[in-house]
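This briefing goes through a structure for a reader at the bench, taking the contact between chains, the sheets and the charged pairs in turn. Please keep the sequence and the 3D view open while reading.

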Protein chains: 2
Amino acid sequence: MPLQEHHSEKLIEVTRGPLTESVHAGHLAVVDTAGTLIASAGSPGYYTYARSAAKLLQAIPLVESGGAERLGLTEAETALCCASHGGEPRHTETARSLLAKAGCDESALCCGPQEPMFAPAADMLKAGGQPATALHNNCSGKHAGMLALAQIMGVSIHQYTDPGHPVQQKMLAAVADMCGVPQSGITLGIDGCGVPVFGMPISALALAYARLGSPAGLPEQRAEACRRIVDSIRHQPYYVAGTARFDTALVEATGGRIIGKFGAEGVYAASIPELGLGLALKIEDGAERAIYPAAAEALLQLGALRPEEAEKLAAFRRPPVYNRRGDTVGEIRPVFTLTRH
Amino acid sequence: MPLQEHHSEKLIEVTRGPLTESVHAGHLAVVDTAGTLIASAGSPGYYTYARSAAKLLQAIPLVESGGAERLGLTEAETALCCASHGGEPRHTETARSLLAKAGCDESALCCGPQEPMFAPAADMLKAGGQPATALHNNCSGKHAGMLALAQIMGVSIHQYTDPGHPVQQKMLAAVADMCGVPQSGITLGIDGCGVPVFGMPISALALAYARLGSPAGLPEQRAEACRRIVDSIRHQPYYVAGTARFDTALVEATGGRIIGKFGAEGVYAASIPELGLGLALKIEDGAERAIYPAAAEALLQLGALRPEEAEKLAAFRRPPVYNRRGDTVGEIRPVFTLTRH
């Protein structure tokens, strides 16, 4: 499906001294569990890949099938299935235990090696002369979850990343269903870790996140799976991201009243159960530095984030720009106002 | 000076499978030595910081004053004054020799430490347990050049990064003069390395680069300085950038018929002496990945880059997007056509 007509809106400015040096345009949609558009910026129907923001939806089949329970997954392990983790030691240990419960080891992972996203963890590896492995890949939890699902389904674990593999078919079905779009309306690409990624309107991703946090209207087994996934992140936020990461800090700052998930190339999705809302955004140019200011600002404008919580997240919402001597020379700041519908 | 009205043009697309996943908008100006606009994309008068693209202009006072000759600078050392180098061993050695000729050592550098931009050089340092120093800072050559100019001018080397220091005043004057704007029309910010950066219309930066490569109309001492600076980069392109860098590859691919310089936050400037033209561009969102495809494509459309040269630079003009397993999953590609004036 090609990119449709859209209207770009400037969401974020990066200043340096008296000038705005760079700008980030994007799109944002806030919807309720019926899919009604509540607020927006830019074009709420903007069509793009959900990238890692889909991981929470991809975890549904494993939990919904009773597989997570049968394998005895801990909440940390369930959260890791949804994670773009930092590759910190507790993340890789948890990936290992999850793989063991799936009857595998890291040799079964097809995500490829990746240096830990958390720079100090990458430096630690280098200092020890150790190469990064597939366990350090920020997606290792998702891949371990896919292997676990293959075992539960009784299908081969080989080629589990292939779009035609039963595991990927299950995930596509769950994603499409949660997003309220037919499977034919989802465009498939290949992620950095080799598995399919899901193209859709950001409003559809927002709907999935609204349902994820407020699943009362869903079939009971699906609703229970959503609750368990959301609870795993609420209770173990470290395992969905890690040290110094917004996804983890957002849960900690709000006591789990909001959960959210980063996606590569400028994607964010969040669930606000107490308002029955889901939010999704895309920074058009894919810049990660613009994601968190935009997400935090939107949550504040919605009244989902309380002022004292926004204060705790200030370093994400309006981060200073430093030079290499540590002086503040500018800032990254949100400059949009949500349109209410 | 605030950002004026402008028209953004989509310059670069980043694809993944069947979708365009991210886009980069920007502005581009091509002018002759009289400042006449020859070609453009977006708004050729877009006002932004020149960042490190100003380094070639900042090297002028040292060369023009006869200082480079008096201190016996080699072409590699002169090129390093203009560099955003990779922090590779030959770069740091050259920075050290340049400092020695200026009667200083690295303790005089105020740029702050920075990990080498060239990742294998950074890894090598880490593997050896050595911290990055100011010599590894990509700007260490520029700073060494500033110290050399202070010595030649007979002024204090202390606080040489202060906008009021005679060295910075000389540089502001040279930049404004080459760009054809009054000093009052230049907006000052602070760079990543602590010294002033120069805000101006990109058309003014393009004019400076046209003059740099075709300096016949300039006063003789200035013209000679421009020739020496351009020649230093033509003859020693490794020292203006380094391994696997576009600035170096561009000179090598064209046999020095074109020279160009990267700047942080999406800036590029190039000189095409045989056509008497200068080019400058700004990627609005500051993304480095969009700079080289845009610069190479514009040079190709201008006929400055020959098809076989463009072929040599294909990995910069239209780089594949890989996943972490090494499969090609998309590409970064130019999507603009220059408007001729």
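How many salt bridges does the structure hold over all chains? In this predicted model, the number over all chains is 50. Six salt bridges are found across the interface of chain A and chain B, and that interface is the topic with which the points below begin.

**The interface of chain A and chain B**

- The size of an interface is often given as the accessible area lost when the parts come together.
- By that reckoning, chain A and chain B bury about 3600 Å² between them, and 48% of this area lies on carbon and sulfur atoms.
- On the side of chain A, the residues that lose the most area to chain B are Leu19(A), Glu21(A) and Arg324(A), which together account for 21% of what that side buries.
- Each chain is represented in the contact, with 45 residues taken from chain A and 45 residues from chain B.
- Polar contacts across the interface of chain A and chain B come to 24 residue pairs, counted where both residues are at pLDDT 80 or more.
- Two or more residues of the side of chain A that touches chain B come from each of β2 (19-32), β4, α6 (119-127), β5 and β6 of chain A.
- Of the elements on the side of chain A that touches chain B, β2(A) gives the most, with six residues.
- Sorted by kind, the residues of the side of chain A that touches chain B are 16 nonpolar, 16 polar and 13 charged.

**Charged pairs**

- Side chains of opposite charge can pair when their charged atoms come close.
- Between the chains, the side chain of Arg51(A) forms a salt bridge with that of Glu21(B), at 3.1 Å from N to O.
- Within chain B, a salt bridge joins the side chains of Lys101(B) and Glu77(B), with 2.8 Å from N to O.
- Because Lys101(B) belongs to helix α5 (residues 89-101) of chain B and Glu77(B) to helix α4 (residues 75-81) of chain B, this pair ties together parts that are 24 residues apart in sequence.

**The three-stranded sheet of chain A**

- Strands of a sheet pair through backbone hydrogen bonds, either parallel or antiparallel.
- In chain A, three strands make an open sheet in the order β4-β6-β5, and their pairing is antiparallel.
- The edges of this sheet are β4 (47-49) and β5 (187-190) of chain A, each of which pairs on one side only, and the twist from one strand to the next averages 30 degrees.
- Four bridges connect β5(A) with strand β6 (residues 196-201) of chain A in the antiparallel sense, and Thr187(A) has Gly199(A) of β6(A) as its bridge partner.
- Helix α8 (residues 166-179) of chain A lies across β5 and β6 of chain A and runs at about 15 degrees to β6(A).
- Helix α9 (residues 202-213) of chain A packs on the sheet as well, where it touches β4 and β6 of chain A and its direction makes about 105 degrees with that of β6(A).

**The three-stranded sheet of chain B**

- Chain B has an open sheet of three strands with antiparallel pairing, in the order β4-β6-β5.
- Since β4 (47-49) and β5 (187-190) of chain B stand at the edges with a single partner strand each, one side of each is left without a neighbour in the sheet.
- In the sheet of chain B, β5(B) and strand β6 (residues 196-201) of chain B pair over four antiparallel bridges, and Thr187(B) stands opposite Gly199(B) in β6(B).
- Two helices lie across strands of chain B: helix α8 (residues 166-179) crosses β5 and β6 of chain B at about 15 degrees to β6(B), while helix α9 (residues 202-213) crosses β4 and β6 of chain B at about 105 degrees to β6(B).

**The surroundings of Pro273(B)**

- Pro273(B) is found in the loop between β8 (267-272) and β9 (277-283) of chain B.
- Apart from its neighbours within four places in sequence, Pro273(B) is in contact with Gly213(B), Ser214(B), Arg234(B) and Arg257(B).

Key: Residues are numbered from 1 along each chain as its sequence is written. Chains are lettered from A and ligands numbered from 1 in the order in which they are written. This is a predicted model: local features need pLDDT of at least 70, side-chain atom pairs count only at pLDDT 80 or more; totals for chains, interfaces and linings use all residues. Side-chain values use heavy atoms; hydrogens and water are left out. Two strands pair if DSSP finds at least two bridges between them. Axes are lines fitted to C-alpha atoms, for helices over the stretch in contact, and angles run from 0 to 180 degrees between N-to-C directions. Contact means heavy atoms within 4.5 Å. Buried area is the accessible area (1.4 Å probe) that two parts lose on being put together, summed over both. A salt bridge is a side-chain nitrogen of Lys or Arg within 4 Å of a carboxyl oxygen of Asp or Glu. A polar contact is a pair of N or O atoms within 3.5 Å; within protein, one must be able to donate a hydrogen and the other to accept it, and residues adjacent in sequence count only if both atoms are side-chain atoms. Ala, Val, Leu, Ile, Met, Phe, Trp, Tyr, Cys and Pro count as nonpolar, Asp, Glu, Lys and Arg as charged, and the others, Gly among them, as polar.
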